[in-house]
Amino acid sequence: MTSKPQIYHEKQVKELCALHALNNLFQTRNTFSKSDLDTICRSLSPNVWINPHRSMLGFGNYDINVIMAALQKQGCEAIWFDKRKDPGCLDLSNICGFILNVPSDYKLGFVMLPIRRRHWITIRQIQGNFYNLDSKLDSPLLIGRGSDLISYLKEQLDCKEKELFVVVSKEVEEKQLWMHQYTINRVQEVHIKESLTNCLSIDSINSENEYRNRDAEVLRLNEVRNCITENSF
């Protein structure tokens, strides 16, 4: 009988879901602190009264710029995933985890306020299985194996309001190893075809303009000849 994996799972406090998502991603409580993220906010927008990267009240609500800067301090990058792509193109073996951004209702105590906020959720693999480590959950939610994760991501990305960020190492980001190679080749082929189409379109436009210019010159010559003929009589 396999033992249940030890999973670090921070619970929601105030508006610190970005902090919880980062610590849940790295599976360590002290990977980042609120003070660390506030310092990043100040470095991103120094000398301002109201920092645009966090809540006005200082309770959290950090934006993606703060998360990306924090990940870079750990040698990682967050790559925005284009929802027009099939999640099946992801090479899960080269991915550290995922951060999902979802709309969330805002509560003050037990009172639901008519305010829509954004919520950050970590998804990552632990001992062969993928888990949803949402800080609003009572405990980690088992998603399953790789195929289960792909189905789960497809379902999540059907919602227009949700955005997915793929977390990878710097090397993986530079070499684009987070996607299967056949996907990269297909994307490159599409770009080449688009470039050729654009070039052909430009050439055809230029050719058409040349013909028009020639026709205009012929008309002007005819007008000159007619004028000369008329004046000669």
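Which residues make a nonpolar surface patch of about 730 Å²? The legends below take up that question and a few others.

**View 1. The whole chain, for orientation.** This is a predicted model. The secondary structure of the chain comes to six helices and six strands. Starting at the N terminus, the elements follow the order α-α-α-β-β-β-β-β-α-β-α-α. The chain has 233 residues, and 37% of them count as buried. Among the contacts in the chain with a separation of 6 or more, 59% are between residues 24 or more positions apart. The chain exposes about 15100 Å², with carbon and sulfur atoms supplying 53% of that area.

**View 2. A nonpolar patch on the surface.** Here is the reply to the opening question: W49, I50, M56, L57 and F59 make the nonpolar surface patch of about 730 Å². Take I50 as a landmark, since this member of the patch sits in the loop between helix 2 and helix 3. Is I50 buried or exposed? Its relative accessible area is 53%, and exposed means over 50%, so I50 counts as exposed.

**View 3. Two asparagines with positive phi.** Most residues other than glycine have a negative phi. Against that background, N47 is worth a look: its phi is near 60°, a positive value. N61 also has a positive phi, near 55°. You will find N47 in the loop between helix 2 and helix 3, and N61 lies in the loop between helix 2 and helix 3 as well. As for their surroundings, N47 is exposed, at 84% relative accessibility, whereas N61 is partly exposed, with a relative accessible area of 22%.

**View 4. The buried side of helix 2.** Helix 2 covers residues 34-44, and its buried residues are L37, D38, I40 and C41. Why do these residues lie on the same side of helix 2? They cover an arc of only 155° around the axis, and that places them on the same side. A general rule helps in reading this view: an α-helix has 3.6 residues a turn, so residues three or four places apart point the same way. What covers the buried residues of helix 2 includes helix 1 (17-26) and helix 3 (64-73).

**View 5. The annotated active site.** Which positions does the UniProt record list under "active site"? The entry, which is unreviewed, places this feature at C17, H119 and D134. These residues span 118 residues in sequence, yet no two of their C-alpha atoms are more than 9.1 Å apart, so they gather at one spot.

**View 6. A closer look at C17.** C17 is found in helix 1. With a relative accessibility of 4%, C17 counts as buried. Leaving aside residues up to four places away in sequence, C17 touches Q12, R118, H119, W120 and S135. One of these partners, H119, is another of the positions in the UniProt feature.

**View 7. A closer look at H119.** Where does H119 lie? Look for H119 in strand 3, which runs over residues 111-126. H119 counts as buried, at 3% relative accessibility. Not counting residues up to four places away in sequence, H119 touches Q12, C17, L100, N101, V102, S104, D134, S135 and K136. Those contacts include C17 and D134, the other positions that UniProt gives for the "active site". Q12 and S135 appear among the contacts of H119, and Q12 and S135 are also touched by C17.

Note on methods
Residues are numbered from 1 along each chain as its sequence is written. This is a predicted model: local features need pLDDT of at least 70, side-chain atom pairs count only at pLDDT 80 or more; totals for chains, interfaces and linings use all residues. Side-chain values use heavy atoms; hydrogens and water are left out. Buried means under 20% relative accessible area, exposed over 50%, partly exposed in between (1.4 Å probe, protein chains only). Helices (H or I, at least four residues) and strands (E, at least two) are DSSP runs, numbered from the N terminus. The arc is that of the directions from the helix axis to the C-beta atoms. Contact means heavy atoms within 4.5 Å. UniProt positions are given in the numbering used here, feature names are shortened, and annotations may be inferred rather than shown by experiment. Patches are made of residues with over 30% relative accessible area and no salt bridge: like charges are joined within 9 Å, nonpolar side chains (Val, Leu, Ile, Met, Phe, Trp, Tyr) within 5 Å. Accessible areas come from the Shrake-Rupley method with a 1.4 Å probe; for residues, only the protein chains shown count as cover. A salt bridge is a side-chain nitrogen of Lys or Arg within 4 Å of a carboxyl oxygen of Asp or Glu.
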